[in-house]
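Hi,

Here is the structure I said I would pass on. Have a look at it first, and then read on for what turned up in it.

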Amino acid sequence: MNNRQIIFVACLAGLLAPTSVRADALRPVGQDRLSPFMRIYGSTLPPFGFVKFCERQPNECRQGPLEEDRFEATPARLQELTEINKSINRAVEPATDLEIYGLTEYWTLPGARGDCEDYALLKRHQLMARGWPSGSLLMTVVRDEKNEGHAVLTVRTAQGDFILDNKTDEIRTWQKVPYTFVMRQSYIDPKVWVSLDARDARSPALLSGVRRAR
């Protein structure tokens, strides 16, 4: 099994429950693939692993100044995204939460090893350290090209929503990524998550294996 396959497997357990339902039946309704911007549909429950991550590391989930204006995706900023994406993809060795922590779902800033959400959290952390506002850097849950659970980082810019992904070093706008977008953080409050499915704002939470915090 190569590194890309390992990364893929690492993200399955804690994000989206396995399903035998056809991919087209689960595809969120209402997203316009011609638009460079994702459309949101109400609030939804956040992933359980994210809730616990915020409890352990509240500074990573703190609400910053509300940035109504999106950053311009200048060549310099896109290069910055590419550098962060590539460097973290290469620095972190892919491994499952079960392998590292003995848990099926554990979101954290990774050290030498991590899985998909850990890559995305570290990219978000490093970009905020470079001055990007938290409202521009949104953790996002998707179904990938094989209809399996995966996490990526969405970067909101004036030119569109870009995706940083541990499966590739390439930075692409969301509509050019072969994924079904399920839910993501709100740009207003990083602890709030929003649905990307027009049918029911609650359905992504059910699909993603979210458990209510006790």
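Below is a run through the overall make-up, the nonpolar cores, the salt bridges and the cavities.

Before anything else, please keep in mind that this is a predicted model.

**Overall make-up**

The protein has 214 residues, and 51% of them are buried. Its secondary structure comes to eight helices and nine strands. If you take the contacts with a separation of 6 or more, 67% of them are between residues 24 or more positions apart.

**The nonpolar cores**

The largest nonpolar core is made of 28 residues. Leu127, Leu153 and Val155 are the ones with the most contacts inside it. Several elements feed into this core: α4, α5, α7 (116–129), β4, β5, β6 and β8 (180–185) each supply at least two residues. The largest share comes from α7, which gives five residues.

Leucine 127 is a good place to start clicking around. Leaving out residues up to four places away in sequence, leucine 127 touches Glu80, Leu81, Ile84, Trp132, Leu137, Leu153 and Leu164. There is also a second, separate core, with nine residues, including Met38, Ile163, Phe181 and Leu196.

**The salt bridges**

How many salt bridges does the structure hold? The count is eight, and I'll go through three of them here.

One is within a helix. Lysine 52 and glutamate 55 pair up through their side chains, with an N to O distance of 2.9 Å. Both sit in helix α4 (residues 48–56), three residues apart, which is about one turn of the helix. Lysine 52 is partly exposed, since its relative accessible area is 30%.

Another joins arginine 70 to aspartate 161, at 2.8 Å from N to O. This pair links distant parts of the chain, 91 residues apart: arginine 70 is in the loop between α4 and α5 (75–91), while aspartate 161 is in strand β6 (residues 160–165). Are the two partners buried or exposed? Arginine 70 counts as partly exposed because its relative accessible area is 22%. Aspartate 161, on the other hand, is buried, because its relative accessible area is 0%. There is a further residue to look at here: Arg70, Asp161 and Arg184 are linked in a network of salt bridges.

Then there is lysine 167 with aspartate 144, where the closest N and O atoms are 2.7 Å apart. This pair links distant parts of the chain as well, with the two positions 23 residues apart. Lysine 167 belongs to the loop between β6 and β7 (168–173), and aspartate 144 to the loop between β4 (137–143) and β5 (149–157). Both lysine 167 and aspartate 144 are buried.

**The cavities**

Rolling a probe the size of a water molecule over the atoms shows where empty space is left. Across the whole structure, the search gives two cavities of 30 Å³ or more. The largest cavity holds about 60 Å³ of space. It is lined by 13 residues, and the closest to its centre are Ser134, Gly135, Tyr187, Ile188 and Pro190. What classes of residue make up that lining? Six are nonpolar, six are polar and one is charged.

If you only have a few minutes with the viewer, I'd look at leucine 127 and its neighbours in the list above, then at the network of Arg70, Asp161 and Arg184, and finish with the largest cavity around Ser134 and Gly135.

Cheers

Terms used. Residues are numbered from 1 along each chain as its sequence is written. This is a predicted model: local features need pLDDT of at least 70, side-chain atom pairs count only at pLDDT 80 or more; totals for chains, interfaces and linings use all residues. Side-chain values use heavy atoms; hydrogens and water are left out. On a 1 Å grid over the protein atoms alone, a cavity is a set of points where a 1.4 Å probe fits but cannot get out, and a pocket is an open set with protein on both sides within 12 Å along at least five of seven lines; lining residues have an atom within 4 Å of a point. Grid points are joined across faces, edges and corners, and a volume is the space filled by probe spheres set on the points. Ala, Val, Leu, Ile, Met, Phe, Trp, Tyr, Cys and Pro count as nonpolar, Asp, Glu, Lys and Arg as charged, and the others, Gly among them, as polar. A salt bridge is a side-chain nitrogen of Lys or Arg within 4 Å of a carboxyl oxygen of Asp or Glu. Helices (H or I, at least four residues) and strands (E, at least two) are DSSP runs, numbered from the N terminus. Buried means under 20% relative accessible area, exposed over 50%, partly exposed in between (1.4 Å probe, protein chains only). A nonpolar core is a set of buried Ala, Val, Leu, Ile, Met, Phe, Trp, Tyr and Cys residues joined through side-chain atoms within 4.5 Å. Contact means heavy atoms within 4.5 Å.
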